[in-house]
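Hello,

Here is the structure I promised to pass on. Please open it first; my notes follow below.

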Amino acid sequence: MQLQQNPAGDQPTAQPGVLEVITGPMFSGKSEELIRRLKRARIARQRVACYKPDIDLRYHRTAIASHSEQTHEAVVVTPNSDRLREALFFSGQVDQVEVVGLDEVQFFDDGIQPLAMELVALGKRVILAGLDTTFANEPFGPVPALMALADKVTKLNAVCMTCGAPAIHTQRLGTSKELVMVGAAGMYEARCRQHFQPYVEAPAAEQMELSAVIA
Ligand code: ADP
Ligand code: MG
């Protein structure tokens with residue numbers, strides 16, 4: 001972290017950092033890109049802290065992982081901005097890192113936005129990866145606001161599983177309306193605008209059946 005003299009006094013203040021958002025549908029390479037940036041930061045001898053919500057335990061409990069099996073070590077936190085703040089600030093970790101990475105940011109509450117900006121104000125490079133839309137094609141949680149506030153937004157495309165065109169949507173293949181159904185193999189695929197069909201409501205009984213399977 002670079003320090004500069006505060007013009008109003010003698011306390012040095014941090015130069016602002018940057019907020020980077022990596023977004024797009026499932027399978028678009030968000031985690032891959034986050035891992036790539038974190039690995040490069042480490043090559044540059046920057047100290048990196050990486051987090052992911054405990055909701056996504058598909059592959060690893062102590063790492064973020066891409067569908068292409070790349071990994072980067074990560075601390076698992078409850079997807080709650082207060083808990084993440086505690087993990088960063090009360091452990092004193094925040095003073096020791098220059099780069100903060102977070103995967104699956106869509107699962108966090110709106111408090112993630114002021115937290116991200118606070119980290120930027122402290123001079124951190126903050127890299128957030130997450131889905132921009134749900135399978136009902138609605139903006140996903142805090143991600144749209146974070147995209148608006150970011151220094152740099154990388155919106156990735158996947159490959160449409162129907163026709164091979166660039167895909168911007170996440171197609172839910174089952175019938176449950178549950179937003180959070182992470183880890184259920186074969187439940188989502190990437191689709192282009194032409195082949196995407198937003199969720200169509202299923203009978204309640206079917207939804208319960210599916211939720212039980214996932215739980
Ligand atoms: P995300 O975090 O956006 O879900 P990942 O970084 O985990 O994406 O995975 C990206 C990788 O997924 C690609 O490099 C590719 O190997 C694989 N993949 C599987 N299905 C697709 C698809 N439909 N489009 C693009 N990549 C896919
Ligand atoms: Mg991912």
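Start just past helix α4. There sits Gly123, with a positive phi near 95 degrees. Keep in mind that this is a predicted model.

Now the helix itself. The buried residues of α4 are Ile112, Leu115, Ala116, Leu119 and Val120. Viewed down the helix axis, these buried residues fall within an arc of 140 degrees, so they line one face of α4. The spacing fits a general rule: an α-helix has 3.6 residues a turn, so residues three or four places apart point the same way. What covers this buried set? The cover includes the strands β3 (18–24), β8 and β9 (125–131), along with the helices α2 (81–90) and α5 (143–149).

Next, step back to the loop between β8 (99–102) and α4 (112–121), where Glu104 is found. Is Glu104 buried or exposed? Glu104 counts as buried, because it has 21 C-beta neighbours inside 10 Å, and 20 are enough for that label. Lys30 lies 74 residues away from Glu104 along the chain, yet their C-alpha atoms are separated by 9.1 Å.

Lys30 leads on to the ligand. Ligand 1 is surrounded by 15 residues, and the closest are Lys30, Ser31, Glu32, Ser66 and His67. Two elements, α1 (30–43) and β11 (158–159), give two or more residues each to this shell. The largest share comes from α1, with 3 residues. By class, the shell around ligand 1 holds 7 polar, 6 nonpolar and 2 charged residues.

Best wishes

Terms used. Residues are numbered from 1 along each chain as its sequence is written. Chains are lettered from A and ligands numbered from 1 in the order in which they are written. This is a predicted model: local features need pLDDT of at least 70, side-chain atom pairs count only at pLDDT 80 or more; totals for chains, interfaces and linings use all residues. A residue is near a molecule or strand if its C-beta atom, placed from the backbone, lies within 6 Å of it. Helices (H or I, at least four residues) and strands (E, at least two) are DSSP runs, numbered from the N terminus. Ala, Val, Leu, Ile, Met, Phe, Trp, Tyr, Cys and Pro count as nonpolar, Asp, Glu, Lys and Arg as charged, and the others, Gly among them, as polar. A residue is buried if 20 or more other C-beta atoms lie within 10 Å of its own, exposed if 12 or fewer, and partly exposed in between; C-beta atoms are placed from the backbone. The arc is that of the directions from the helix axis to the C-beta atoms. Two residues are in contact if their C-beta atoms, placed from the backbone, lie within 7 Å.
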